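Work through the exercises below with the structure open beside you. Try each task before you read its solution.

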Amino acid sequence: MPNASSWSASSSLLLLWEDSSGTRIFLSLLYAVLAISGTLSNVMVIYLVFSFKKLQTTSNAFIVNGCAADLSVCALWMPQEAVLGLLPPNSSSLRSAEYRLLRGGLLGLGLTVSLASHLLVAFNRYVLITKLPSVYQALYQRKHTGCMIGLSWALALLPVPLLPGLWTLGSAQSDGSSRYTALLLALAVLGQTALLLHCYLGIVRRVRGSAKRVSVLNFHLLHQLPFPAAPPPPRRAQRRLSSVSVLLLCCVFLLGTQPLVWVSLLGFFLRPAPPALQAASWLLLCSLSALNPLLYTWRSEEFRRAARSVLPRADGPAAA
């Protein structure tokens with residue numbers, strides 16, 4: 001097990017000093033795959049929304065905001081981790097305090113805005129389904145939507161100075177400030193998760209209780225929900241499929257966020273978890289940045305049509 005001083009000197013979030021070269025290469029390849037796939041998927045969603053007027057909705061504005069934040073993780077932070085994993089542990093690049101601050105800032109900014117965007121999308125859908133159309137229109141005017149997006153970035157800039165403390169995960173045994181920083185992070189993610197689950201479970205209850213209410217909503221934003229777009233299935237099958245889609249989204253989100261929450265709480269109230277478990281919990285959280293575009297677009301027929309119109313297709317009888 002590494003001692004506190006070795007962890008304080010290490011600036012790599014998921015690579016330990018005692019890791020073998022094979023482990024470091026494997027993690028570097030994993031980072032490279034997540035970086036490439038996440039960057040392409042996030043850029044694709046942003047491009048589709050800006051290119052197709054039918055996709056320029058309030059719900060998609062929040063999704064694009066999350067994709068822009070995820071690019072900070074996938075396109076800027078993950079490639080650096082992939083490269084650093086291939087460098088020797090005594091490299092001067094790993095010991096630079098300024099470089100560690102930059103990487104911590106990129107990661108903290110991207111993850112904070114991404115998690116805030118998850119909550120904004122969930123609340124937007126909750127108001128759309130459970131409230132009157134007049135309430136939705138009054139709340140989600142253009143200027144209000146812009147203020148919500150701007151506020152998510154403004155709030156994300158506040159805890160950025162605390163992020164370097166999270167790089168020294170193992171030093172929580174002797175560094176009280178790092179332990180309290182991890183505790184604040186865990187409580188923030190836990191509160192955000194509770195609000196998100198409240199919104200989506202409220203949608204499930206409303207859809208199950210009144211399929212007719214959903215079917216008569218004449219909103220183009222309804223296509224952004226994880227429901228089948230066309231052709232509509234029978235009412236009972238529609239309620240079942242809608243509930244499964246929402247619950248699947250919640251399960252993926254919980255799988256990515258909760259391990260870090262409970263590892264941080266365990267380290268604060270009892271004793272620090274093994275470094276490998278801490279690293280795995282961070283990796284799950286960071287991998288959400290590559291999966292988020294798929295979570296919100298895989299059930300949308302409008303996104304699939306837009307993607308098919310821009311992706312190259314083979315000419316010939318098969319394409320015809």
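**Exercise 1.** Find the helices that the buried residues of α13 pack against.

Solution.
- Step 1: Keep in mind that this model is predicted.
- Step 2: List the buried residues of α13. They are E301, E302, F303, A306 and A307.
- Step 3: Look for their packing partners. The buried residues of α13 pack against α2, α3 (58-84) and α12 (275-297).

**Exercise 2.** Describe how α2 and α13 cross, and say which residues meet.

Solution.
- Step 1: Locate the two helices. Helix α2 covers residues 21-51, and helix α13 covers residues 301-310.
- Step 2: Take the axes. They come within 10 Å and cross at roughly 95 degrees.
- Step 3: Classify the angle. Values from 65 to 115 degrees count as roughly perpendicular, so α2 and α13 are roughly perpendicular to each other.
- Step 4: Name the residues that meet. From α2 come M44, V45, Y47, L48 and V49; from α13 come F303, A306, A307 and V310.
- Step 5: Sort them by class. The contact of α2 with α13 has 9 nonpolar residues, no polar ones and no charged ones.

**Exercise 3.** Is V49 buried or exposed, and which residues does V49 touch?

Solution.
- Step 1: Place the residue. V49 sits in helix α2.
- Step 2: Check the accessibility. Buried means under 20% relative accessible area. V49 has 7% relative accessibility, so V49 counts as buried.
- Step 3: List the contacts, leaving out residues up to four places away in sequence. V49 touches L55, Q56, N60, V64 and F303.
- Step 4: Follow one of these contacts, F303. V49 and F303 are 254 residues apart along the chain, while their C-alpha atoms are separated by 8.5 Å.

**Exercise 4.** For E81, G104 and N124, give the helix, the burial and a partner far along the chain.

Solution.
- Step 1: Start with E81, which belongs to helix α3. E81 has 0% relative accessibility and counts as buried. E81 and S28 are 53 residues apart in sequence, and their C-alpha atoms are 6.8 Å apart.
- Step 2: Move to G104 in helix α5. G104 is buried, at a relative accessible area of 0%. From G104 to W77 the C-alpha distance is 8.7 Å, and the sequence separation is 27 residues.
- Step 3: Finish with N124, which is in helix α5 (residues 97-130). The relative accessible area of N124 is 1%, so N124 is buried. The C-alpha atoms of N124 and S59 are separated by 6.5 Å, with their positions 65 residues apart along the chain.
- Step 4: Set these pairs against the whole chain. Take the contacts with a separation of 6 or more. Residues 24 or more positions apart account for 80% of them.

**Exercise 5.** How many disulfides does the structure hold?

Solution.
- Step 1: Recall the bond. A disulfide is a covalent bond between the sulfur atoms of two cysteines.
- Step 2: Test C286. The closest cysteine sulfur is in C74, 9.0 Å from the sulfur of C286. The cut-off for a disulfide is within 2.5 Å, so the pair is too far apart for a bond.
- Step 3: Count. The structure holds 0 disulfides.
- Step 4: Compare two cysteines by accessibility. C286 is at 0% and counts as buried, whereas C147 is at 54% and counts as exposed.

**Exercise 6.** Which residues does UniProt place in the feature "transmembrane region", and what is the secondary structure there?

Solution.
- Step 1: Read the record. The unreviewed UniProt entry places the feature at residues 25-50, 62-80, 100-123, 144-162, 182-203, 244-270 and 276-298.
- Step 2: Check residues 25-50. This span is 100% helix and 0% strand, and its end C-alpha atoms lie 37 Å apart.
- Step 3: Check residues 244-270. Here the chain is 96% helix and 0% strand, with end C-alpha atoms 36 Å apart.
- Step 4: Widen the view to the chain. Its secondary structure comes to 13 helices and 0 strands. Of its 320 residues, 49% are buried.

Definitions and conventions. Residues numbered from 1 in each chain as written. Predicted model: local features only at pLDDT ≥ 70, side-chain atom pairs only at ≥ 80, totals over all residues. Heavy atoms only, no water. Axes fitted to C-alpha atoms, helices over the stretch in contact; angles between N-to-C directions. Helix = DSSP H or I, 4+ residues; strand = E, 2+ residues; numbered from the N terminus. Parallel < 35°, antiparallel > 145°, perpendicular 65-115°, else oblique. Contact = heavy atoms within 4.5 Å. Nonpolar A, V, L, I, M, F, W, Y, C, P; charged D, E, K, R; others polar. Buried < 20%, exposed > 50% of the residue type's maximum accessible area, 1.4 Å probe, protein only. UniProt positions renumbered as here; feature names shortened; annotations may be inferred.
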